[in-house]
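Morning, everyone. I have one structure to walk through today. Let's put it up.

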Amino acid sequence: MMTIADNSGRQLGEVEFDCRCAEMCCLGQTWFNIRGPDGVVHHSVKHQNPNCCTGCRNCCAPGPCNEVWEDDIVDPSGTVVGHIKNVFAGITFRGCCSDASNLVVEFPRDADEIQRTNLLSSLILFDYLYWEKRRDNGTEARTPVHT
């Protein structure tokens with residue numbers, strides 16, 4: 001769980017892993033709940049790992065073959081209301097020779113300032129968990145940093 005707070009220490013929300021074992025094992029989906037300061041889940045994010053069951057969504061992304069990795073932002077009713085994206089930087093020095101990321105949040109239309117702050121915080125968490133490169137003994141691997 002990640003707690004989100006402002007400069008004065010006032011808690012704005014939390015991002016929490018939601019263990020949905022069947023969806024994680026069978027569909028490659030990892031879910032995170034985003035709670036407001038009231039403790040209520042306002043949105044969830046479905047992180048979709050590439051697999052054949054989902055039409056190979058996010059396969060080779062972000063990269064030249066599939067430019068956008070896209071995760072869904074879902075409201076409590078299960079409706080997709082926005083997206084978190086990692087967009088390939090293109091066939092440029094930055095895109096091919098650096099580990100810089102182009103991260104995008106398509107906010108839900110009705111999200112207030114606190115909910116937007118919490119969604120941006122979850123984006124930073126996902127960047128760290130899923131897209132940062134870990135360097136081991138001079139080699140690079142696209143494995144999660146937390147392992």
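**Contacts and overall make-up**

Let me start with the contacts in the protein chain that have a separation of 6 or more. Of these, 32% link residues 24 or more positions apart. One caution before I go on: this is a predicted model.

Now the inventory. The protein chain has three helices and nine strands. Read from the N terminus, the order of elements is β-β-α-β-β-β-β-α-β-α-β-β. The chain holds 147 residues, and buried ones make up 35% of them. As for surface, about 8300 Å² is exposed. Carbon and sulfur atoms supply 54% of that area.

On to the sheet. Seven strands build an open sheet. Their order is β1-β2-β3-β4-β5-β6-β7, and the pairing is antiparallel. Which strands sit at the edges? They are β1 and β7, the latter covering 102-106, and each of them pairs on one side only. Neighbouring strands in this sheet are turned by 20° against each other on average, ignoring direction. A reminder on the chemistry: strands of a sheet pair through backbone hydrogen bonds, either parallel or antiparallel.

Let's take one edge. Strand β1 is residues 2-5, and strand β2 is residues 11-18. Four bridges join the two, in the antiparallel sense. To find the register, look at Ile4: it stands opposite Gly13 in β2. The two strands form a hairpin, with five residues between them. Gly9 is in that turn, and its phi is positive, at about 95°.

Now the other edge. Strand β6 spans residues 80-87 and runs antiparallel to β7. Five bridges hold this pairing. Here, Val87 stands opposite Asn102 in β7.

Last stop, one proline. Where is Pro37? Look in the loop between β3, residues 29-35, and β4, residues 41-48. Is Pro37 buried or exposed? Its relative accessible area is 51%, and the cut-off for exposed is over 50%. Pro37 therefore counts as exposed.

Exposed Pro37 still has contacts. Leaving out residues up to four places away in sequence, Pro37 touches Gln11, Leu12, Gly13 and Ile114. Gly13 is the residue we met opposite Ile4. Arg10 also belongs in this picture. Pro37 and Arg10 are 27 residues apart along the chain, and their C-alpha atoms are separated by 8.8 Å.

That's the tour. Over to you for questions.

Technical notes:
Residues are numbered from 1 along each chain as its sequence is written. This is a predicted model: local features need pLDDT of at least 70, side-chain atom pairs count only at pLDDT 80 or more; totals for chains, interfaces and linings use all residues. Side-chain values use heavy atoms; hydrogens and water are left out. Two strands pair if DSSP finds at least two bridges between them. Buried means under 20% relative accessible area, exposed over 50%, partly exposed in between (1.4 Å probe, protein chains only). Contact means heavy atoms within 4.5 Å. Axes are lines fitted to C-alpha atoms, for helices over the stretch in contact, and angles run from 0 to 180 degrees between N-to-C directions. Accessible areas come from the Shrake-Rupley method with a 1.4 Å probe; for residues, only the protein chains shown count as cover.
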